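The following note is intended for a colleague who has not yet examined this structure. Please read the numbered points with the sequence and the model in view.

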Amino acid sequence: MADLLVLTSSTDGETEVLPALGLLGHRVRTLPPNPTAMLDAFDADILVVDGRHDLAQARSDCKLVQVTGVTVPLLLVLTEGGLSIVNADWGADDVILADAVPAELEARIRLLMGRANLEDPLEKAVEFSSGDLTVDVGGYTARLKGIPLDLTYKEFELLKYLMQHPGRVYTRDQLLQEVWGFDYYGGTRTVDVHVRRLRAKLGAEHEHLIGTVRNVGYRFDPPPPKAPKADQEESSKRPTAR
(Lines give C-alpha, C1' and ligand atoms only; values in the text may rest on other atoms or scores of the structure.)
Protein backbone atom coordinates (compact mmCIF):
# COMPACT_ATOMS: atom_id res chain seq x y z
CA MET A 1 0.00 0.00 0.00
CA ALA A 2 1.34 3.43 -0.97
CA ASP A 3 0.73 6.94 0.36
CA LEU A 4 -0.36 9.16 -2.52
CA LEU A 5 -0.75 12.93 -2.41
CA VAL A 6 -2.93 14.36 -5.20
CA LEU A 7 -2.23 18.00 -6.05
CA THR A 8 -5.20 19.58 -7.81
CA SER A 9 -6.99 22.93 -7.96
CA SER A 10 -10.20 21.11 -8.77
CA THR A 11 -12.82 20.44 -6.13
CA ASP A 12 -13.72 17.15 -7.81
CA GLY A 13 -11.65 14.98 -5.48
CA GLU A 14 -9.09 12.32 -6.29
CA THR A 15 -11.58 9.87 -7.79
CA GLU A 16 -12.49 12.44 -10.44
CA VAL A 17 -8.85 13.30 -11.17
CA LEU A 18 -7.96 9.62 -11.54
CA PRO A 19 -11.04 7.38 -11.16
CA ALA A 20 -8.95 4.19 -10.91
CA LEU A 21 -7.72 5.37 -7.51
CA GLY A 22 -11.16 4.66 -6.09
CA LEU A 23 -10.75 0.97 -6.97
CA LEU A 24 -7.32 0.52 -5.40
CA GLY A 25 -6.41 0.23 -1.74
CA HIS A 26 -3.85 3.02 -1.46
CA ARG A 27 -3.97 5.84 1.10
CA VAL A 28 -4.83 9.04 -0.77
CA ARG A 29 -4.86 12.69 0.31
CA THR A 30 -5.86 15.66 -1.84
CA LEU A 31 -4.46 19.19 -1.50
CA PRO A 32 -4.32 22.32 -3.64
CA PRO A 33 -0.92 22.83 -5.33
CA ASN A 34 0.77 25.51 -3.23
CA PRO A 35 4.01 25.76 -1.22
CA THR A 36 2.22 24.74 1.99
CA ALA A 37 1.23 21.43 0.42
CA MET A 38 4.90 20.65 -0.14
CA LEU A 39 5.29 20.14 3.61
CA ASP A 40 2.98 17.13 3.28
CA ALA A 41 4.70 15.99 0.10
CA PHE A 42 7.84 14.88 1.94
CA ASP A 43 5.79 12.19 3.71
CA ALA A 44 4.16 10.83 0.55
CA ASP A 45 5.39 7.91 -1.55
CA ILE A 46 4.13 9.41 -4.81
CA LEU A 47 2.84 12.84 -5.86
CA VAL A 48 -0.02 12.89 -8.37
CA VAL A 49 -0.38 16.17 -10.28
CA ASP A 50 -3.67 16.95 -12.00
CA GLY A 51 -2.98 18.10 -15.56
CA ARG A 52 -6.32 17.31 -17.13
CA HIS A 53 -7.69 20.79 -17.77
CA ASP A 54 -4.89 23.36 -17.53
CA LEU A 55 -1.53 22.30 -18.95
CA ALA A 56 0.18 25.59 -18.10
CA GLN A 57 -0.92 25.22 -14.47
CA ALA A 58 0.16 21.57 -14.46
CA ARG A 59 3.64 22.53 -15.67
CA SER A 60 3.80 25.22 -12.99
CA ASP A 61 2.76 22.69 -10.34
CA CYS A 62 5.49 20.28 -11.45
CA LYS A 63 8.03 23.11 -11.25
CA LEU A 64 6.80 23.92 -7.74
CA VAL A 65 7.68 20.38 -6.69
CA GLN A 66 11.18 20.79 -8.15
CA VAL A 67 12.05 24.16 -6.64
CA THR A 68 10.92 23.15 -3.16
CA GLY A 69 13.38 20.25 -3.15
CA VAL A 70 10.79 17.45 -2.93
CA THR A 71 12.29 14.25 -4.34
CA VAL A 72 9.14 12.11 -4.19
CA PRO A 73 8.27 10.48 -7.56
CA LEU A 74 5.83 12.60 -9.54
CA LEU A 75 3.00 11.07 -11.60
CA LEU A 76 1.30 13.51 -13.99
CA VAL A 77 -2.34 12.90 -14.95
CA LEU A 78 -3.21 14.03 -18.50
CA THR A 79 -5.80 13.73 -21.21
CA GLU A 80 -4.68 12.55 -24.66
CA GLY A 81 -4.20 16.13 -25.80
CA GLY A 82 -1.62 16.72 -23.09
CA LEU A 83 0.59 13.87 -24.27
CA SER A 84 1.77 15.95 -27.25
CA ILE A 85 2.81 18.85 -24.99
CA VAL A 86 4.53 17.38 -21.94
CA ASN A 87 8.33 16.99 -22.01
CA ALA A 88 11.21 16.19 -19.67
CA ASP A 89 11.61 19.82 -18.62
CA TRP A 90 8.37 19.51 -16.63
CA GLY A 91 10.06 17.18 -14.16
CA ALA A 92 7.42 14.43 -14.09
CA ASP A 93 8.71 10.89 -13.53
CA ASP A 94 5.79 9.31 -15.39
CA VAL A 95 2.49 10.23 -17.04
CA ILE A 96 -0.86 8.49 -17.08
CA LEU A 97 -4.15 9.16 -18.83
CA ALA A 98 -7.02 10.15 -16.56
CA ASP A 99 -9.14 7.23 -17.79
CA ALA A 100 -6.45 4.59 -17.20
CA VAL A 101 -7.67 1.25 -15.88
CA PRO A 102 -6.75 0.21 -12.32
CA ALA A 103 -4.24 -2.42 -13.47
CA GLU A 104 -2.23 0.18 -15.40
CA LEU A 105 -2.27 2.65 -12.52
CA GLU A 106 -1.20 -0.04 -10.06
CA ALA A 107 1.70 -1.03 -12.34
CA ARG A 108 2.88 2.57 -12.69
CA ILE A 109 2.74 3.11 -8.93
CA ARG A 110 4.69 -0.08 -8.35
CA LEU A 111 7.37 0.86 -10.89
CA LEU A 112 7.71 4.42 -9.59
CA MET A 113 8.22 3.21 -6.05
CA GLY A 114 10.64 0.51 -7.17
CA ARG A 115 12.78 2.97 -9.12
CA ALA A 116 12.78 5.42 -6.21
CA ASN A 117 14.11 2.73 -3.88
CA LEU A 118 16.87 1.82 -6.33
CA GLU A 119 18.07 5.39 -6.95
CA ASP A 120 21.56 6.48 -6.02
CA PRO A 121 21.37 8.20 -2.60
CA LEU A 122 22.98 11.29 -4.16
CA GLU A 123 20.00 11.63 -6.48
CA LYS A 124 17.67 11.91 -3.48
CA ALA A 125 19.95 13.81 -1.13
CA VAL A 126 18.82 17.25 -0.07
CA GLU A 127 22.47 18.24 0.39
CA PHE A 128 25.68 16.56 -0.70
CA SER A 129 29.36 17.45 -0.75
CA SER A 130 32.57 16.70 -2.59
CA GLY A 131 35.69 18.03 -0.93
CA ASP A 132 35.24 21.73 -0.20
CA LEU A 133 32.17 21.99 -2.46
CA THR A 134 28.64 21.52 -1.09
CA VAL A 135 25.36 21.65 -3.01
CA ASP A 136 22.07 22.28 -1.21
CA VAL A 137 19.36 20.97 -3.54
CA GLY A 138 16.43 22.26 -1.50
CA GLY A 139 17.92 25.73 -1.10
CA TYR A 140 19.27 25.91 -4.67
CA THR A 141 22.63 27.06 -3.35
CA ALA A 142 26.22 25.89 -3.63
CA ARG A 143 28.98 26.65 -1.13
CA LEU A 144 32.73 26.48 -1.51
CA LYS A 145 34.55 26.22 1.82
CA GLY A 146 31.31 27.40 3.41
CA ILE A 147 31.07 30.53 1.23
CA PRO A 148 27.99 30.73 -1.07
CA LEU A 149 28.67 30.82 -4.81
CA ASP A 150 26.78 33.34 -6.91
CA LEU A 151 25.37 30.91 -9.50
CA THR A 152 22.59 31.37 -12.02
CA TYR A 153 19.80 28.79 -12.10
CA LYS A 154 21.33 26.88 -15.04
CA GLU A 155 24.84 27.06 -13.61
CA PHE A 156 23.51 25.50 -10.42
CA GLU A 157 21.59 22.82 -12.32
CA LEU A 158 24.66 21.97 -14.40
CA LEU A 159 26.92 21.74 -11.34
CA LYS A 160 24.35 19.67 -9.45
CA TYR A 161 23.86 17.24 -12.33
CA LEU A 162 27.58 16.68 -12.86
CA MET A 163 28.19 16.26 -9.10
CA GLN A 164 25.44 13.67 -8.88
CA HIS A 165 27.32 11.53 -11.43
CA PRO A 166 31.01 11.90 -10.52
CA GLY A 167 33.48 10.56 -13.05
CA ARG A 168 30.85 9.99 -15.72
CA VAL A 169 31.45 11.78 -19.01
CA TYR A 170 28.55 13.57 -20.68
CA THR A 171 28.48 14.92 -24.19
CA ARG A 172 27.27 18.45 -24.77
CA ASP A 173 24.10 17.10 -26.37
CA GLN A 174 23.40 14.93 -23.32
CA LEU A 175 23.88 17.88 -20.97
CA LEU A 176 21.58 20.03 -23.10
CA GLN A 177 18.92 17.35 -22.86
CA GLU A 178 19.30 16.68 -19.13
CA VAL A 179 19.85 20.24 -17.85
CA TRP A 180 18.13 22.45 -20.41
CA GLY A 181 15.39 20.02 -21.50
CA PHE A 182 14.08 18.59 -24.73
CA ASP A 183 12.40 21.84 -25.75
CA TYR A 184 15.62 23.90 -25.71
CA TYR A 185 16.70 24.85 -29.22
CA GLY A 186 20.03 26.53 -28.49
CA GLY A 187 23.31 25.07 -29.70
CA THR A 188 25.85 23.05 -27.75
CA ARG A 189 28.00 26.17 -27.35
CA THR A 190 25.58 27.05 -24.54
CA VAL A 191 27.10 24.22 -22.51
CA ASP A 192 30.65 25.45 -23.14
CA VAL A 193 29.73 28.97 -22.03
CA HIS A 194 28.12 27.76 -18.81
CA VAL A 195 31.06 25.46 -18.02
CA ARG A 196 33.48 28.36 -18.53
CA ARG A 197 31.46 30.61 -16.23
CA LEU A 198 31.10 27.85 -13.65
CA ARG A 199 34.86 27.24 -13.60
CA ALA A 200 35.49 30.97 -13.20
CA LYS A 201 33.21 31.07 -10.16
CA LEU A 202 34.87 27.99 -8.66
CA GLY A 203 38.20 29.76 -8.95
CA ALA A 204 41.68 28.62 -9.94
CA GLU A 205 41.97 26.24 -6.98
CA HIS A 206 38.80 24.31 -7.82
CA GLU A 207 38.11 24.85 -11.54
CA HIS A 208 39.59 21.40 -12.25
CA LEU A 209 36.53 19.83 -10.61
CA ILE A 210 34.77 20.29 -13.97
CA GLY A 211 36.95 18.18 -16.24
CA THR A 212 37.07 18.22 -20.02
CA VAL A 213 37.35 15.00 -22.01
CA ARG A 214 38.65 16.06 -25.41
CA ASN A 215 36.24 15.47 -28.31
CA VAL A 216 33.65 13.99 -25.91
CA GLY A 217 32.35 16.37 -23.25
CA TYR A 218 32.56 17.12 -19.54
CA ARG A 219 32.59 15.30 -16.22
CA PHE A 220 32.86 16.05 -12.52
CA ASP A 221 36.24 15.02 -11.12
CA PRO A 222 35.92 14.75 -7.33
CA PRO A 223 39.05 15.56 -5.34
CA PRO A 224 41.00 12.59 -3.95
CA PRO A 225 40.16 11.76 -0.34
CA LYS A 226 42.43 13.41 2.18
CA ALA A 227 44.78 11.10 4.03
CA PRO A 228 44.04 10.72 7.74
CA LYS A 229 46.01 13.14 9.89
CA ALA A 230 47.89 10.29 11.56
CA ASP A 231 49.09 9.03 8.16
CA GLN A 232 50.22 12.53 7.18
CA GLU A 233 52.24 12.87 10.39
CA GLU A 234 53.80 9.44 9.90
CA SER A 235 54.74 10.32 6.33
CA SER A 236 56.42 13.55 7.45
CA LYS A 237 58.61 11.58 9.90
CA ARG A 238 60.02 9.27 7.23
CA PRO A 239 63.61 10.04 6.23
CA THR A 240 64.05 11.65 2.85
CA ALA A 241 66.06 9.62 0.32
CA ARG A 242 69.41 11.18 -0.64
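1. A residue is called buried here if its relative accessible area is under 20%. By that criterion, strand 7 (residues 133-136) is buried on both of its faces: Leu133 and Val135 point one way, Thr134 and Asp136 point the other way, and all are buried. The model discussed in this note is a predicted one.

2. For general orientation, the protein chain contains 9 helices and 12 strands. Of its 242 residues, 40% are buried. Among contacts between residues at least 6 apart in sequence, 57% join residues at least 24 apart.

3. Which order do the strands of the open sheet follow? The sheet has 5 strands in the order 2-1-3-4-5, and the pairing is parallel. Strand 2 (27-31) and strand 5 (94-97) stand at the edges with a single partner strand each, so one side of each has no neighbour in the sheet. From one strand to the next, the twist averages 25 degrees.

4. Two pairings within this sheet may be followed residue by residue. Strand 3 (residues 46-50) pairs with strand 4 (residues 74-78) in the parallel sense over 4 bridges, and valine 49 stands opposite leucine 76 in strand 4. Strand 4 in turn pairs with strand 5, again in the parallel sense and over 4 bridges. Here leucine 76 stands opposite valine 95 in strand 5. The two faces of strand 5 are unlike: Asp94 and Ile96 form a covered face, whereas Val95 and Leu97 form an uncovered one.

5. Strand 7 has antiparallel partners. With strand 6 (residues 127-130) it pairs in the antiparallel sense over 4 bridges, and the bridge partner of glutamate 127 is aspartate 136 in strand 7. The hairpin of strand 6 and strand 7 has 2 residues between the strands, and glycine 131 there takes a positive phi near 65 degrees.

6. The pairing of strand 7 with strand 8 (residues 141-144) is also antiparallel and runs over 4 bridges. In this pairing valine 135 stands opposite alanine 142 in strand 8. The hairpin of strand 7 and strand 8 has 4 residues between the strands, and tyrosine 140 in that hairpin takes a positive phi near 50 degrees.

7. How do helix 6 (residues 153-164) and helix 7 (residues 172-180) cross? Their axes come within 10 Å and cross at roughly 115 degrees. Angles of 65 to 115 degrees count as roughly perpendicular, and helix 6 and helix 7 are therefore roughly perpendicular to each other. The crossing is right-handed. On the helix 6 side the contact involves Lys154, Glu157, Leu158, Tyr161 and Leu162, which meet Leu175, Glu178, Val179 and Trp180 in helix 7. By class, this contact has 6 nonpolar, no polar and 3 charged residues.

8. Helix 7 also packs against helix 8 (residues 189-202), with axes that come within 9 Å and cross at roughly 80 degrees. This angle makes helix 7 roughly perpendicular to helix 8. Arg172, Leu175, Leu176 and Trp180 of helix 7 make the contact with Thr190, Val191, Asp192 and His194 of helix 8. The classes represented are 4 nonpolar, 2 polar and 2 charged residues. Leu175 and Trp180 of helix 7 thus appear in the contact with helix 6 and in the contact with helix 8.

9. Proline 102 lies in helix 4 (residues 102-118). Is this residue buried, partly exposed or exposed? Its relative accessibility is 25%, so proline 102 counts as partly exposed. The C-alpha atom of proline 102 is separated by 7.1 Å from that of leucine 21, although the two residues are 81 residues apart along the chain. Leaving aside residues up to four places away in sequence, proline 102 touches Ala20, Leu23 and Leu24.

10. Two loop residues deserve a check of their backbone angles. Lysine 145, which is not a glycine, has a positive phi of about 55 degrees; lysine 145 is placed in the loop between strand 8 and strand 9 (147-148). Asparagine 215, likewise not a glycine, has a positive phi of about 65 degrees. The loop that holds asparagine 215 runs between strand 11 (210-213) and strand 12 (217-220). With 77% relative accessibility, asparagine 215 counts as exposed.

Notes. Residues numbered from 1 in each chain as written. Predicted model: local features only at pLDDT ≥ 70, side-chain atom pairs only at ≥ 80, totals over all residues. Heavy atoms only, no water. Axes fitted to C-alpha atoms, helices over the stretch in contact; angles between N-to-C directions. Parallel < 35°, antiparallel > 145°, perpendicular 65-115°, else oblique. Left-handed = near helix turned anticlockwise from the far one by under 90°. Contact = heavy atoms within 4.5 Å. Nonpolar A, V, L, I, M, F, W, Y, C, P; charged D, E, K, R; others polar. Pairing = 2+ DSSP bridges. Buried < 20%, exposed > 50% of the residue type's maximum accessible area, 1.4 Å probe, protein only.
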